[in-house]
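Hi everyone, thanks for coming. I'd like to walk you through one structure today, so please have a look at the screen before I start talking.

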Amino acid sequence: MKNVIVPLNAFDSNDVTTNGQASFVKLIAESGAYGIEIRRELLPAVVLPLGKIKSEIDRYGLFTVYSAPIECWKEDYQLNEDQLNCIFQEAVILGAKWVKVSLGHFQQDKSNIAELGKFLTKQKDIQLLVENDQTPHGGSVQHLQAFFESVVDQNVPVKMTFDTGNWYYSKQDVEEAVQKLAPYVSYLHLKQVTETLETVPLEREGEHIWKQVMSSFPADIVKALEFPIVPKEKTKEFIQMITDMSREREALVR
């Protein structure tokens, strides 16, 4: 079973920005990952080396997710079409199959889902993912549920990235989030968050919410390791741990 993705923000940010995201592709591939998540916020401010990154990813045949720190809906509740269009254009150059953004300021009675649907009809072969972020608006179970109910109702092709740790920052109940949002989820971001709101490496032993969340979804769902991996050579160890856990769950279900 190969379904683990490694985001570039799992590594030291100075190392990533100094040496470039392309320099991590080999490490991620040789660690046994299914894919890589390129982070827009860690790219250079002026010239984006998307072609170079794509060439390196193509060498190793990794699945590509493009994550951008933009909100799908602006503060006036309208679609953030200009920024979305820019990110999707960059995703095409990168060869990404998934684009991940946060919800933003969606309101069911003020935001036009049909406008998002029209925008997505122009984006060929790229899946839009909306993630629960750490803000009160974009990390609200209620807002996210209203959004995904609306896209399903209007047949707009959007899926959810479920971040297991961000609910703590937005003061939401994780179990409620799983219950209400599970039907829309196609991508898990795994992180372990302490009581002091610090993201730490996953630990297999002990009772942890991320483990409960992971067990609530199919064993083959795609998962990302979004926590500090130090040293970076431990990437293989964490991928193997999540792969083993997925296989064990799959065996239990059979």
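Let's begin with helix 4, residues 81-94, and helix 5, residues 113-120: their axes come within 12 Å and cross at roughly 25°. Keep in mind throughout that this is a predicted model. How should we describe that angle, parallel or perpendicular? Angles under 35 degrees count as roughly parallel, so helix 4 and helix 5 are roughly parallel to each other. As for handedness, the crossing of helix 4 and helix 5 is right-handed.

Which residues make the contact between these two helices? From helix 4 we have Glu81, Leu84, Asn85 and Phe88, and they meet Glu115, Phe119 and Leu120 of helix 5. Sorted by character, the residues of this contact come out as 4 nonpolar, 1 polar and 2 charged.

Now to the strands. The model has a closed barrel of 8 strands with parallel pairing, and the order around it is 1-2-3-4-5-6-7-10. Going from one strand to the next, the twist averages 30°. As a reminder from the textbook, strands of a sheet pair through backbone hydrogen bonds, either parallel or antiparallel.

Let me pick one pair out of that barrel. Strand 5, residues 127-131, runs parallel to strand 6, residues 158-163, and 4 bridges join them. If you want a spot to click on, try Glu131, which stands opposite Thr161 in strand 6.

Next, some backbone geometry in the loops. Most residues other than glycine have a negative phi, and most peptide bonds are trans. Here are some exceptions.

Asp125 is not a glycine, yet its phi is positive, about 65°. You'll find Asp125 in the loop between helix 5 and strand 5. Is Asp125 buried or exposed? Asp125 is exposed, with a relative accessible area of 64%.

Asn155 tells a similar story: a positive phi of about 60°, and again not a glycine. Asn155 sits in the loop that links helix 6, residues 141-153, with strand 6. Its relative accessible area is 69%, so Asn155 counts as exposed.

And where is the cis peptide bond? Look at the step from Val230 to Pro231, where the bond is cis and omega is near -10°. Pro231 belongs to the loop between strand 10, residues 222-225, and helix 10, residues 235-253. Strand 10, you may remember, is one of the strands of the closed barrel.

That's my tour. Thanks for listening, and I'm happy to rotate the model for anyone who'd like another look.

How values were computed. Residues numbered from 1 in each chain as written. Predicted model: local features only at pLDDT ≥ 70, side-chain atom pairs only at ≥ 80, totals over all residues. Heavy atoms only, no water. Pairing = 2+ DSSP bridges. Helix = DSSP H or I, 4+ residues; strand = E, 2+ residues; numbered from the N terminus. Axes fitted to C-alpha atoms, helices over the stretch in contact; angles between N-to-C directions. Parallel < 35°, antiparallel > 145°, perpendicular 65-115°, else oblique. Left-handed = near helix turned anticlockwise from the far one by under 90°. Contact = heavy atoms within 4.5 Å. Nonpolar A, V, L, I, M, F, W, Y, C, P; charged D, E, K, R; others polar. Buried < 20%, exposed > 50% of the residue type's maximum accessible area, 1.4 Å probe, protein only.
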